[in-house]
Structures are given as C-alpha cells and as structure tokens.
Amino acid sequence: MAFPLPRGITPPEISFLAEMEMVTILPRQRLEGLELLGGPVSPLLPPRRTSLPLWLALLLKRQRRANILPPPWLHPESLELILEIETQNDEYQHAFSPPPPLPGQPAPGDHRRAPLATPRYTPSGEKYYPAPPFLPQNTARDHIPPGEPPALPFHWLEVGTMLLEAASDDLVDPDQTRRLLKELREVRMAKVRAGVDVLDAAAMGGGGVALTGVGAMELGEGRRFIAGVVDELR
Amino acid sequence: MYLRSGPNEIAACRTSAPLPTTQSIPSIALLLRRKSSPHHPSSPPPKPKPQNIDQLTMDIDDILASVDRTADTSTPESTALDHQLLTRFWVAERAVPELLPWPTSLMERMMERVRRQIESIEDLAASSTDPITHHSAATTNLTLSILQSDLSRTQYLIRSLLRQRLSKLTAHSMHYLLLISRQQPQSQSQTDSSTPEDSIPEPPPFTDDTDDISSPLSKEEVSFLHAHQTLLAGHYGASFLNSFPPQLRRLDDNAGGTSMVQGPDGKEVVFVRCLVEEVRVVVPPGDGVEVEVEGTVLRMGEVWAVRWEGVRGAWGRGEVEVL
C-alpha cells in the first residue's frame with residue numbers, strides 16, 4: 001500500500017540513475033559554479049570543456065546553452081567494433097562484450113596485471129568502491145591509449161538513447177548510430193533469452209549465473225523474468 | 001515526472017519529514033566514540049612492528065580511514081560522496097528482499113543538506129525579485145531551475161527509499177517487531193493472551209543514544225511499526241479473532257513447531273557487481289548444515305545473479321554492490 005512499485009528499480013528509475021552519469025559539455029554561456037546536492041559543479045567558462053551530470057547537460061542542451069561532446073563509445077566506428085565482438089568473436093558467443101574495467105581492474109585479456117581495488121572511505125570509516133554511474137565512462141577523452149578496445153558502459157542504452165533524442169546534432173552520424181544501437185540491443189537481448197538454460201545454477205545455494213557486461217536497462221527488463229525463473233526452480 | 005516539482009512539493013517535504021537540525025556534529029562525535037578502535041585520531045595508535053607488507057598496508061589503510069573519519073563532512077567532496085552512498089543504498093534497498101540497516105549518520109547528513117539547500121534556494125528566489133539585483137534575472141532563473149531539479153532528484157531518492165522501507169515493514173511487520181524486541185533483554189511472561197494485541201512485542205525503549213546500531217530500523221520506523229501493528233491487531237480482533245478460543249488468538253503462534261510469522265526470503269535472487277578482487281558466495285548455516293559453506297567465486301567487475309543471503313555479508317563490507 002505504501003509503495004506500489006515492484007522490487008528492483010524500474011525502467012524509469014534506471015533512466016533516472018543513468019542521468020547521474022558524467023558527460024563532457026562545451027558551454028556556450030558563462031555560469032558560476034554551483035553547490036548541488038549531487039556534488040559541486042564547476043563554473044561554465046566558454047570555450048572550456050567541463051564535465052557535468054547528464055541530466056544537467058541535457059537541461060543546458062535543451063536551452064541551447066551548451067553542446068554535448070559524445071562519449072568515445074557512442075561513435076559509429078566504436079559501435080561497429082563492439083558489434084563485431086558481440087557477433088563474430090567466439091569467446092563472446094554466449095556472453096556480453098566485456099564492460100569498461102573498474103578502477104584498478106586490468107583491461108580484458110591483460111593477464112599480466114592483477115586486479116587491485118583501492119577503496120575510498122566513507123565518513124563512518126567503511127570502505128567505498130566507486131562504480132557506475134559514478135565513474136567517468138561517458139566523458140569525452142582526448143587520447144585513447146592504442147590497443148584499448150571500445151566497450152559499452154553499464155548505462156549504454158539509456159545514455160545513447162537520451163543523447164540521440166536531445167543532442168543528435170552533436171553526434172557524428174546519428175542515423176548510423178541509431179541503427180547500430182538497435183542492432184546491438186537485438187543481439188544482446190537474444191543472448192539474454194538464450195541464457196535461460198543455465199539459470200538453474202543460480203537456484204542452488206552458493207551458486208550463481210554470470211551476467212558480466214550486461215547493461216542496466218537490459219538487467220531491468222530481464223530482472224523479473226530471471227528472478228521468477230530462479231525462484232521457481234529452487 | 002519526478003524531475004520537476006514546484007515549491008508545493010518542497011514545502012510538503014519540509015513538513016512531512018522531521019528534519020534534524022543540529023544533530024550532525026554530535027552524531028559524528030558519537031560515531032567516533034562507537035568506532036573506538038585503537039587508531040582513534042586523538043589517541044595515536046601504539047605503533048606495531050610491521051612484520052610484512054600486508055601488515056604495513058593494513059596500517060596505512062587504517063591511518064587513511066582515521067583521517068577520513070575526522071574529515072569535515074561539509075566539504076563539496078563529501079557532498080558528492082554522500083550522494084553516491086545514498087544512491088547506492090537506494091538501489092540496494094529497492095532490490096533486496098529484506099530491510100537493510102538504517103544508515104543513521106548518512107541520512108542525518110543528507111537531511112541537513114536538503115534543509116540548507118531549500119533555504120539557499122529560497123534566499124536566491126527572494127533576491128531575484130529584488131529590484132536592485134534585477135539585471136541578472138535570466139541567469140538567476142537558470143540557476144534556480146538547476147538547483148530545484150537537483151533538489152527534486154535528491155528528494156525523490158529519499159522519498160522512494162523511505163516508502164520502500166515502509167512497504168517492507170508493513171509486509172512483514174510481526175517479523176521485524178520480533179526482531180527488534182529480541183535484542184532487548186526479554187522479560188517474557190507468557191500468560192494466556194486474551195486479545196491479539198497481547199502478542200505484539202513491546203518496542204525497545206527509546207534512548208537518545210544512537211549507539212544502538214544493531215537495530216535495522218530508525219526510531220521513527222520503530223514507532224510507526226508498533227502503532228501499525230497495534231491497529232492491525234485491534235482490527236483483526238474486532239473482525240474475527242475475538243470469536244476464537246483465547247489460545248488461538250495470538251499473531252505469533254508457534255504451535256506445532258511452525259511459526260506463523262513470515263519473514264523476508266533471503267533465498268531470493270539479486271543482481272550484484274563485484275567491486276573487489278574476489279568475493280565468495282556463501283551458503284549460510286541452516287537447512288541441516290551447521291557451518292557456512294562457500295560457493296562460487298565472483299571476480300572484480302563481474303555481474304552475477306545470486307541469492308541475497310549468499311552475498312549479504314559481502315554487501316555489508318562494501319565489496320559488492322546490488323544492481
């Protein structure tokens with residue numbers, strides 16, 4: 001009665017979460033720095049780039065006060081490469097393409113470095129490891145180290161869709177980008193559906209099913225179904 | 001929908017939620033006292049001999065932690081950190097089957113920040129109608145709309161969190177009442193109950209001490225839960241239970257070894273991301289097995305669908321995040 005929503009965040013709430021992702025903008029007007037509840041926002045001084053939460057970037061973009069610099073993965077070339085990994089690579093026939101590594105995590109395929117997670121500390125002294133949407137996975141980057149494969153961030157579908165909707169004139173080839181996003185979505189949804197066979201592993205105590213690389217919205221769509229199947233199998 | 005809200009909503013938030021005013025400083029002091037580790041900043045730790053690298057890194061971690069603990073919680077960096085903590089806690093509370101421990105100090109800091117932000121928005125709105133500073137009306141309007149969007153987003157998080165907790169509390173009210181009363185020294189005098197209300201355990205006495213971190217409920221939630229269950233029991237009694245024989249009227253009947261109090265199901269599946277090098281899923285003792293059994297290993301950056309009870313401990317240590 002107090003709360004009508006089902007367990008697990010719903011798709012509108014996932015979009016809400018994706019709007020906390022940081023993106024890079026090119027301001028077209030000055031604005032002094034702000035102390036927001038979500039953290040400080042540095043002053044806007046054209047033509048200096050700055051990073052803002054997506055919701056604020058979209059607010060400024062809709063009022064034509066800024067341009068959004070698209071994240072490196074939201075580019076037809078990057079998306080083609082990711083689509084190739086998703087469909088052609090034997091290693092990822094039944095898995096999603098590897099997500100961007102967390103801080104301290106080596107790139108996929110790099111077995112020389114061991115992962116090392118470095119915590120921050122909360123005011124109560126508990127350990128805190130940042131994760132999406134609070135990692136700079138959607139900010140523009142000037143130079144990408146060679147050999148680093150493009151990767152879909154956790155909120156790829158939401159960020160991509162919102163940028164296509166509100167800032168398509170800032171993207172490189174919006175029509176091609178839209179088509180590639182749609183293809184990626186279909187390929188990956190097929191993988192979610194094909195993965196139902198292994199779900200009984202999560203029904204046993206101590207067991208689980210790996211979904212590494214899954215996107216937030218894909219998880220939101222599959223959540224009810226996967227949880228329902230596993231709870232039935234138990 | 002929830003991104004835009006007018007001053008009505010801001011006013012509503014202000015009246016409906018009791019905003020703590022001056023608690024933030026004492027609570028930090030209490031927190032320090034509670035965490036009375038030997039590395040308390042005011043009493044420098046007796047320097048142990050570093051025997052190996054692990055020991056040394058542990059020391060450094062502890063020192064860093066103690067420095068962070070004394071850190072000023074009014075800096076912009078700590079605002080951003082608290083926002084991230086609140087967001088992560090909200091997602092977890094929305095996703096897991098049981099009630100998570102109430103983050104007292106985090107919520108006190110957030111409510112204090114919300115209160116101050118509302119004040120500064122009101123000040124800014126008042127100054128924008130001031131004819132002297134009228135020249136920058138357009139910029140002020142933009143600033144105001146940004147500040148209000150930001151405020152509404154935070155208020156949405158808090159409201160959704162509180163409502164989700166209330167819904168969990170009312171769904172398993174007897175379970176949580178028994179849980180919090182069991183922590184108190186029980187003065188059990190099981191007399192023959194004559195009304196269903198008698199089976200409701202007394203809530204723990206209210207203390208101003210926030211040291212009691214063992215209860216997963218906030219003080220407000222405890223009083224809500226008790227009032228809710230008393231009303232419900234009275235209603236059950238009036239509508240049908242009082243026509244039963246007295247020994248069948250209890251709401252926590254244990255007859256035949258089966259408890260009729262239902263709790264949340266820890267075996268339900270949640271989705272987690274592993275944030276540290278390695279986390280082991282565990283099978284907690286129960287179902288005839290006495291010891292904790294270890295299961296699958298999660299590695300850094302991986303996302304898994306696992307039973308909530310298997311990763312509850314790792315979540316408490318901040319090693320996994322619930323998605």
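In what order do the elements of chain B run from the N terminus on? The answer is α-α-α-α-α-α-α-α-β-β-β-β-α-β, and the model in which we read this order is a predicted one. Counted by type, chain B holds nine helices and five strands.

Let us stay with chain B for a moment. Its length is 323 residues, and 29% of them count as buried. If you look at contacts between residues at least 6 apart in sequence, 73% of those in chain B join residues at least 24 apart. The domain assignment splits out two parts of this chain: domain 1 covers 71-172, and domain 2 covers 265-322. Between the C-alpha centres of domain 1 of chain B and domain 2 of chain B there are 31 Å. Where the two meet, domain 1 of chain B supplies seven residues and domain 2 of chain B supplies eight residues. What classes of residue does domain 1 of chain B bring to this contact? On the side that touches domain 2 of chain B, five are nonpolar, two are charged and no polar residues appear.

Now turn to the place where the chains meet. Here 54 residues of chain A are in contact with 68 residues of chain B. Several elements of chain B give two or more residues to this side. On the helical part of the list you will find helix H3 (53-69), helix H4 (76-95), helix H5 (104-128) and helix H6 (137-171) of chain B. The strands of chain B on the list are E1 (269-274), E2 (278-283), E3 (293-299) and E4 (303-307). Which of these elements gives the largest share? That is H6(B), with 15 residues. Sorted by class, the side of chain B that touches chain A comes to 31 nonpolar, 20 polar and 17 charged residues.

Strand pairing also links the two chains. Strand E8 of chain A, residues 208-210, is joined to E4(B) by three bridges, and the two strands run antiparallel. For a landmark, find Gly208(A), which stands opposite Val306(B) in E4(B).

From there, move on to the N-terminal part of chain A. The UniProt record, an unreviewed entry, places the feature "domain: DNA replication complex GINS protein PSF2 N-terminal" at residues 10-69 of chain A. Within residues 10-69 of chain A, the chain is 28% helix and 33% strand, and 28 Å separate the end C-alpha atoms.

Helix H1 of chain A, at residues 11-18, is a good place to begin. Is this helix mostly covered or mostly open? Mostly covered: six of its eight residues are buried. These are Glu13(A), Ile14(A), Ser15(A), Phe16(A), Leu17(A) and Ala18(A). The buried residues of H1(A) have three helices of chain A as packing partners, namely H2 (54-62), H4 (156-166) and H7 (216-233).

Strands come next. In chain A, three strands form an open sheet with antiparallel pairing, in the order E4-E1-E5. Its edges are strand E4 (50-53) and strand E5 (66-69) of chain A, each of which pairs on one side only. From one strand to the next, the twist averages 50°. To follow one of these pairings, take strand E1 of chain A, residues 22-27, which four bridges join to E5(A) in an antiparallel run. Pro27(A) has its bridge partner in E5(A), and that partner is Ala66(A).

Notes: Residues are numbered from 1 along each chain as its sequence is written. Chains are lettered from A and ligands numbered from 1 in the order in which they are written. This is a predicted model: local features need pLDDT of at least 70, side-chain atom pairs count only at pLDDT 80 or more; totals for chains, interfaces and linings use all residues. Two strands pair if DSSP finds at least two bridges between them. Axes are lines fitted to C-alpha atoms, for helices over the stretch in contact, and angles run from 0 to 180 degrees between N-to-C directions. UniProt positions are given in the numbering used here, feature names are shortened, and annotations may be inferred rather than shown by experiment. Domain bounds come from an automatic or database domain assignment. Ala, Val, Leu, Ile, Met, Phe, Trp, Tyr, Cys and Pro count as nonpolar, Asp, Glu, Lys and Arg as charged, and the others, Gly among them, as polar. A residue is buried if 20 or more other C-beta atoms lie within 10 Å of its own, exposed if 12 or fewer, and partly exposed in between; C-beta atoms are placed from the backbone.
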